[in-house]
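Got the viewer open? Let's take a short walk through this one, one selection after another.

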Amino acid sequence: MLAGGTDLTVGLRHHLIAPKVVIDLKRINDIAAGIEITDGSLRISAKTTMAKLVRNALVQHHFPALVEAADVVGSPQIRNRATLIGNICNASPAADTVPVLCVYGASVIVYGKGGEREVAVVDFIQGNRKIDLQRGELVVAVKLPIPKTAYGAAFDRVTRRRGVDLATVNLCCGIGPSGRAVLALGAVSPRPLLLEDADGAFSNIDAAAAERMAGLDGLVGQAAPISDVRASADYRRAMLKVLAERTLAHAQDRLQEWGQNV
Ligand SMILES: Cc1cc2nc3c(=O)[nH]c(=O)nc-3n(C[C@H](O)[C@H](O)[C@H](O)COP(=O)(O)OP(=O)(O)OC[C@H]3O[C@@H](n4cnc5c(N)ncnc54)[C@H](O)[C@@H]3O)c2cc1C
C-alpha cells in the first residue's frame, strides 16, 4: 500500500522491501477522503495528510495534541505527502502521532474481505514494524472519540537537532476530570507504552513537590529504553521525566481552559 510514500519509497530504495505490486491508495475512489464527525467520533480518512490534519478546525478544537505531533513530522514537504495512517501502519517506535492517538483512545478501521473491524491503535501496533493487519486488509480510517467531559492533552518530543529529525523520545500526557494522568511514551520500546498514574501521585497539583517527583519517577521508571545511535538509555530516561513534567503542565492548562469554554 502506498499512501504518501514517505516511508515506503525509503524501503524500496534501500531494497528493504520488494513488492510485486504497489497500490496507490490515493487512486482508490471508494476510500472516502476528508475529516468528519460521525457518531460522536472524529473519522480521519486514510488519504488525510499531516498538513491537512494540522489545518483542520475540528482537529485543532478537539485534539490539539494531535496537531502538535503532526506538525513536527519531517518538513513541510514531508507533511504535504505523509498521511496519519501511514505513520500508524509503518509502526516505527519513534512515530510521533502514535503516542497521542493512544492517549486519545483512537482506533483504526480495517477493511477486508470480511467487512470492517475496529482495533484500538495501542493494540494494532504489535511491535517494531509489526501491525495487526492480515493479507487482503487495509486501513481506511482512524477514529477518535470526542471527549464528552473536560479533557486536556499535550505532546512533546526531544530530537538530536532542530529541524528534520526523528524523535529520541516522545511523549503525550492526557488528563481528565479525575485528575489522574495517562502517559504514552514513544521511542522507548518496540510498542507504544501506555502508563496510567493510577494513584494520582504524579498528577496531583496539590501534592508536595517531592511526592509528585516520586510519583513521576515511579511512572516513567516503568520504561526500559535502549541505547542506540540516537541516545543512551540514561539520556532517554532523563528526558522522559522532563517531557512528562512539561506535557503534564500543558495538559492541565488545557483541562482548565476546556472547563472555561463549556
Ligand atoms: C525526511 C523524513 C522525515 C521524517 N520525519 C518524521 C518525523 O519527524 N516523525 C515521524 O513520526 N515520522 C517521520 N517520517 C516518517 C514518515 O514521514 C511518516 O511515518 C509518515 O506519516 C508515513 O506516511 P505515508 O503516507 O508517507 O506512508 P507510506 O510511506 O505510504 O506507507 C508507510 C507504510 O504504511 C503502509 N500503509 C500506508 N497506508 C496504509 C493503509 N491505509 N492501510 C494499510 N497499510 C498502509 C504502507 O504499505 C507502508 O508499509 C519522516 C520521513 C522522512 C522521509
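We'll visit the ligand and then the domains. Keep in mind that you're looking at a predicted model.

**Stop 1: the ligand.** Select the ligand and bring up its neighbours. You should get 30 residues around it, with Ala3, Gly4, Gly86, Asn87 and Cys89 the closest.

**Stop 2: the helices and strand around it.** Now pick out α1 (8–13), α5 (76–81), α6 (84–90) and β7 (138–145); each of them supplies at least two residues of the shell around the ligand. Which one gives the most? That's α6, with five residues in the shell.

**Stop 3: colour by class.** Try colouring the shell by residue type. What mix turns up around the ligand? There are 19 nonpolar residues, eight polar and three charged.

**Stop 4: the two domains.** Zoom out and give residues 30–145 one colour, for domain 1, and residues 152–261 another, for domain 2. Taken over C-alpha atoms, their centres are separated by 21 Å. Where the domains touch, domain 1 puts in 22 residues and domain 2 also puts in 22.

**Stop 5: domain 1's side of the contact.** Stay on the side of domain 1 that touches domain 2 and select α4 (64–70), α7 (97–103) and β5 (125–127), the elements giving two or more residues to this side. Here α7 gives the most, with five residues. Colour this side by class as well: you'll find 15 nonpolar residues, five polar and two charged.

**Last look.** Show two helices together: α6, which gives the most to the ligand shell, and α7, which gives the most to domain 1's side of the contact with domain 2.

Definitions and conventions. Residues are numbered from 1 along each chain as its sequence is written. This is a predicted model: local features need pLDDT of at least 70, side-chain atom pairs count only at pLDDT 80 or more; totals for chains, interfaces and linings use all residues. A residue is near a molecule or strand if its C-beta atom, placed from the backbone, lies within 6 Å of it. Helices (H or I, at least four residues) and strands (E, at least two) are DSSP runs, numbered from the N terminus. Ala, Val, Leu, Ile, Met, Phe, Trp, Tyr, Cys and Pro count as nonpolar, Asp, Glu, Lys and Arg as charged, and the others, Gly among them, as polar. Domain bounds come from an automatic or database domain assignment. Two residues are in contact if their C-beta atoms, placed from the backbone, lie within 7 Å.
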